[in-house]
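Hi,

Here's the structure I said I'd pass on. Have a look at it first, and then read my notes below.

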Amino acid sequence: MKALKLMAGGAALFAAASVAHAGTTFDAVQKRGYVQCGVSTGVAGFSIADSKGKWTGLDVDFCHAVAATMFGDASKVKFTPLSVQQRFTALQSGEVDLLSRDTTQTITRDTTLGLIGTGVDFYDSQGIMVKKASGVKSAKDLAGATICLQPGTTTQLNLADWFRANKIDFKTVVIDKLDEALGAFVAGRCDAYSTDKSALAALRTTLANPDQYVILPENFSKEPLGPMVRQGDDQWFNVVRWTLNAMLEAEEYGVTSKNVDDELKSANPNVQRILGVTPGIGKGMGVDDKWAYNIIKQVGNYGEVFDRDVGKDSALKLDRGLNAQYHDGGIQYGWPIR
Ligand SMILES: N[C@@H](CCC(=O)N[C@@H](CS)C(=O)NCC(=O)O)C(=O)O
């Protein structure tokens, strides 16, 4: 009898411990009253702070969207700028609740860091930028070249694979800080600079004479970029994963920050579920049924955010490309909010 009691007590303790662990980040965020979001230190269009410390960009807007899901208030977020080297340690240590900063989802990252990707908010590929004056037209012209890049990136690994496969010799100069790495390329310490193509486009706009630089045509890799959280924290994982899906589904069904109030009267059952007109959709995540309504109203759907930050209404003017909706020639595809 005593043994049984002890066992039952033990089981209860274990259950309590795992429940507490499962809800750790969600509960901590709720108690704290804001989301602490890890972003990159400054990539125009993705995450960049102005002179007043106001952050903008696609990765930043995603953090705002998570805050809207949690609190019904997109402003309840603070940003921690993290270099590529710092990002995983900052998430592992609990310094941030999520990473929203051009991080490629790979099996090694998902299975060895205690972290996990929650979806893809930007399908990218790696590229190489050179000076126009070099006359280089293709990466195949880069025999013996020196390429600047940041450490701890997929960039470094992909370059090694590609150049080895093409039997071309090259050297790398690996520099931790973005401005120093890019500065080394501009100053001529390297013949080329490599990172994700979206970031190359963004970085080029910040250089003194952007049209003196060209991004080579080759795509060196698949870079599915997306938010990451810690493993074993499923309620929080769901908040982050479904925030992105709501933004994608809202675009698919034509619900925007402008028409969202009219859409509350929509006869489309998908829209009724997304907007919480059909009750119960937020319950399982522990948030208000109006969570997605709040994202769309305050931040916008995926397409609005894309256009504003990196697309046609931004300085970068990136094409939707792979990031168009699946019915529009892309591969972005919101999972069903049902
Ligand atoms: N997507 C790749 C590359 C990421 C990367 O190199 N990002 C650079 C692009 S500019 C960055 O965020 N630099 C800014 C920083 O270090 O804060 C990865 O996840 O390893």
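Let's start with the ligand. The shell around the ligand breaks down into 6 nonpolar, 10 polar and 4 charged residues. Before you go further, bear in mind that this is a predicted model. There are 20 residues around the ligand, and the ones that come nearest are Ser40, Thr41, Ser83, Thr153 and Ala199. As for secondary structure, at least two shell residues come from each of helix 6 (154–165), strand 11 (192–196), helix 8 (197–206) and strand 13 (223–225).

Which domains does the shell draw on? Domain 1 (11–123 + 225–328) and domain 2 (126–221) each give at least three residues to it.

On to the domains themselves. The chain splits into domain 1 (11–123 + 225–328) and domain 2 (126–221), and their C-alpha centres lie 30 Å apart. Where the two touch, 18 residues of domain 1 and 15 residues of domain 2 take part in the contact. On the domain 1 side, the residues that touch domain 2 are 10 nonpolar, 7 polar and 1 charged.

Next, the sheet. There is an open sheet of 5 strands with mixed pairing, in the order 10-9-11-8-12. Its edge strands, each pairing on one side only, are strand 10 (170–174) and strand 12 (213–215). From one strand to the next, the twist averages 30°. Helix 6, which also supplies residues to the ligand shell, packs on this sheet and touches strand 8 (126–131), strand 9, strand 10 and strand 11. The direction of helix 6 makes about 175° with that of strand 10.

Looking inside the sheet, strand 9 (residues 145–149) pairs with strand 11 in the parallel sense, over 2 bridges. Ile147 has Ala192 of strand 11 as its bridge partner. Helix 7 (residues 178–186) lies across strand 9, strand 10 and strand 11, and runs at about 155° to strand 9.

Now for some helix packing, with helix 9 as the common partner. Helix 9 (residues 234–252) packs against helix 13 (residues 302–309) at an angle of about 95°, and the axes are 6 Å apart. So helix 9 and helix 13 are roughly perpendicular to each other. Met247, Leu248 and Glu251 make the contact from helix 9, with Tyr302, Gly303 and Val305 on the helix 13 side. By class, that contact has 4 nonpolar, 1 polar and 1 charged residues.

Helix 3 (residues 58–71) also packs with helix 9, this time at an angle of about 110° and with the axes 9 Å apart. Helix 3 is therefore roughly perpendicular to helix 9. Which residues meet here? From helix 3 you have Ala65, Val66, Thr69 and Met70, and from helix 9 Val239, Val240, Thr243 and Met247. This contact of helix 3 with helix 9 has 6 nonpolar, 2 polar and no charged residues. Keep an eye on Met247 of helix 9 when you load the model: Met247 is part of the contact with helix 13 and also meets helix 3.

That's my list for now.

Cheers

How values were computed: Residues numbered from 1 in each chain as written. Predicted model: local features only at pLDDT ≥ 70, side-chain atom pairs only at ≥ 80, totals over all residues. Near = placed C-beta within 6 Å. Helix = DSSP H or I, 4+ residues; strand = E, 2+ residues; numbered from the N terminus. Nonpolar A, V, L, I, M, F, W, Y, C, P; charged D, E, K, R; others polar. Domains from an automatic or database assignment. Contact = placed C-beta atoms within 7 Å. Axes fitted to C-alpha atoms, helices over the stretch in contact; angles between N-to-C directions. Parallel < 35°, antiparallel > 145°, perpendicular 65-115°, else oblique. Pairing = 2+ DSSP bridges.
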